[in-house]
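The exercises below are to be worked with the sequence and the coordinates at hand. Each task is followed by a stepwise solution.

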Amino acid sequence: MPLADGKAYRAPVGTNEGRYREAERRMWESVGVAPPAERWLDLPRTGTRVRVQEGGDGPPILLVHGASNSGVSWSQLVARLDGFRWIALDRPGCGLSPAHPTGFADVEPFEAFAGALVVDVLDAMQLDRAHVVATSYGGNIALRSAAAHPDRIDRMVLMGWSVGAPLRAVPLMMRVGMIPGVGRLMTAIPANERAVRMMFKNIGLRQALEAGRVSQEMVDAFVALLRHTDTLRNEVRVGPPMVHPVRGLDPRMLLAPELLGSITTPTYFLWGEEDPMGGPEIAAAFVAQLPNAELELMPGAGHAVWIDDPEHAAKTVSEFLRR
């Protein structure tokens, strides 16, 4: 496929790009969004190449997704954002973005990468500043970027627990997946709809599933992501060693109070009361460490609050970013 910059795009090894793109297209259309414009960016700070999708018009918002996901995961939210130019990133190794060329054998190189990724994308998009909306793994990137480059981020909205906050308990599947060889074996098992629905329940979307707020197109898109791209394999192969199978969370992954205290970017946390990664007590203690942050706890919501209640999430984002 030719790209806008004249370079040829090659899908990462192991992908069935056509099947993934078709599922992605159906997901966008199911929320009333025409397939968005696509752009490929070379990022010199982080030494990576990423895909972004964008739409809308107005002040820019960069959206950074969580673990083993992609930019289309924000579709329900951006379909309801009026008056903004939204930019949905496929993080390196996720969706159709190729993996980081060296990966992260330890925590320190990941910290440097996380602190530079947002600014790298903004530079490639020729943007001086932007708002950032992020979740989970993306929340860590957003917070580190805001600490390292406060002049480049206007406002942030973080949805659900972020990597770097204390964990209520390390999920069993995360522990098992970190046993040498087991994680790669798990990624070799083809995903199916039943497994994806169970994963959604495990991140607190049980009520959304039962109420029909999780569409068939959303399930199909996630199945396609896991089956037809290298996303999950890349996360296991090149991701930082966050969890030890016996000792649990690596304490070096926690965001230090000094770093959190240095973040002056106005930040709004929209956090599900039933987030399995960490509930109200963890949320309150974590957010209190940021000098310019607000916390809203969503009753009945889990880890992906914009899926639990997309209307409320979009209203919250719009109002906070327009202040």
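**Exercise 1. Helix H11**

Task: Find which elements the buried residues of H11 pack against, and which side of the helix they occupy.

Solution.
Step 1. The partners of the buried residues of H11 are H4, helix H10 (257-261), strand S9 (267-272) and strand S10 (293-298). The model in which these contacts are found is predicted.
Step 2. H11 spans residues 280-287, and its buried residues are Ile282, Ala283, Phe286 and Val287.
Step 3. These residues cover an arc of only 115° around the axis, so they sit on the same side of H11.

**Exercise 2. The chain as a whole**

Task: State how many helices and strands the chain has, and what share of its residues count as buried.

Solution.
Step 1. There are 13 helices and 10 strands in the chain.
Step 2. The chain has 323 residues, of which 54% count as buried.
Step 3. For the range of the contacts, take those between residues at least 6 apart in sequence: 76% of them join residues at least 24 apart.

**Exercise 3. H1 against H8**

Task: Decide whether H1 and H8 are roughly parallel or antiparallel, and list the residues that make the contact.

Solution.
Step 1. Two packed helices are described by the angle between their axes and the distance between the axes.
Step 2. Helix H1 (residues 17-30) and helix H8 (residues 216-228) have axes 9 Å apart, at an angle of about 160°.
Step 3. Angles over 145 degrees count as roughly antiparallel, and H1 and H8 are therefore roughly antiparallel to each other.
Step 4. The handedness of the crossing of H1 and H8 is left-handed.
Step 5. On the H1 side the contact is made by Arg19, Tyr20, Ala23, Arg26, Met27 and Ser30. On the H8 side the residues are Glu217, Met218, Asp220, Ala221, Ala224, Leu225 and His228.

**Exercise 4. Arg19 in the H1 contact**

Task: Determine whether Arg19 is buried or exposed, and which residues Arg19 touches beyond four places away in sequence.

Solution.
Step 1. Arg19 lies in helix H1.
Step 2. The relative accessible area of Arg19 is 53%, so Arg19 is exposed, the cut-off for exposed being over 50%.
Step 3. Leaving out residues up to four places away in sequence, Arg19 touches Ala224 and His228.
Step 4. Arg19 and His228 are 209 residues apart along the chain, while their C-alpha atoms are separated by 6.8 Å.

**Exercise 5. H7 against H8, and H3 against H4**

Task: For each pair, give the packing angle and the distance between the axes, then name the residues that meet.

Solution.
Step 1. Helix H7 (residues 193-210) packs on H8 at an angle of about 105°, with the axes 9 Å apart.
Step 2. The range from 65 to 115 degrees counts as roughly perpendicular, and H7 and H8 are therefore roughly perpendicular to each other.
Step 3. From H7, Glu193, Val196, Arg197, Met199 and Phe200 meet Gln216, Met218, Val219, Phe222, Val223 and Leu226 in H8.
Step 4. For H3 and H4 the angle is about 75° and the axes are 7 Å apart. H3 is therefore roughly perpendicular to H4.
Step 5. H3 contributes Phe110, Glu111, Phe113, Ala114, Gly115, Leu117 and Val118 to the contact, and H4 contributes Tyr137, Asn140, Ile141, Arg144, Ser145 and Ala148.

**Exercise 6. Salt bridges**

Task: State how many salt bridges the structure holds, then examine the pairs Arg144 with Glu111, Glu54 with Arg85, and Arg233 with Asp230.

Solution.
Step 1. The count of salt bridges in the structure is 23.
Step 2. Arg144 and Glu111 form a salt bridge through their side chains, at 3.5 Å from N to O. This pair joins distant parts of the chain, with Arg144 in helix H4 (residues 137-148) and Glu111 in helix H3 (residues 107-124), 33 residues apart.
Step 3. Arg144 has 11% relative accessibility and so counts as buried, whereas Glu111, at 28%, counts as partly exposed.
Step 4. Glu54 and Arg85 are bridged at 2.9 Å, N to O. Distant parts of the chain are linked here too: Glu54 is in strand S2 (residues 48-56) and Arg85 in strand S4 (residues 85-90), 31 residues apart. Glu54 counts as buried, at 12% relative accessibility.
Step 5. Between Arg233 and Asp230 the salt bridge is 2.6 Å, N to O. Arg233 counts as partly exposed at 28% relative accessibility, and Asp230 is buried at 11%.
Step 6. A network of salt bridges links Glu17, Arg21, Glu24, Glu38, Arg51 and Asp90.

Note on methods:
Residues are numbered from 1 along each chain as its sequence is written. This is a predicted model: local features need pLDDT of at least 70, side-chain atom pairs count only at pLDDT 80 or more; totals for chains, interfaces and linings use all residues. Side-chain values use heavy atoms; hydrogens and water are left out. A salt bridge is a side-chain nitrogen of Lys or Arg within 4 Å of a carboxyl oxygen of Asp or Glu. Helices (H or I, at least four residues) and strands (E, at least two) are DSSP runs, numbered from the N terminus. Buried means under 20% relative accessible area, exposed over 50%, partly exposed in between (1.4 Å probe, protein chains only). The arc is that of the directions from the helix axis to the C-beta atoms. Contact means heavy atoms within 4.5 Å. Axes are lines fitted to C-alpha atoms, for helices over the stretch in contact, and angles run from 0 to 180 degrees between N-to-C directions. Angles under 35 degrees count as roughly parallel, over 145 as roughly antiparallel, 65 to 115 as roughly perpendicular and the rest as oblique. A crossing is left-handed if the near helix is turned anticlockwise from the far one by less than a right angle, and right-handed if clockwise.
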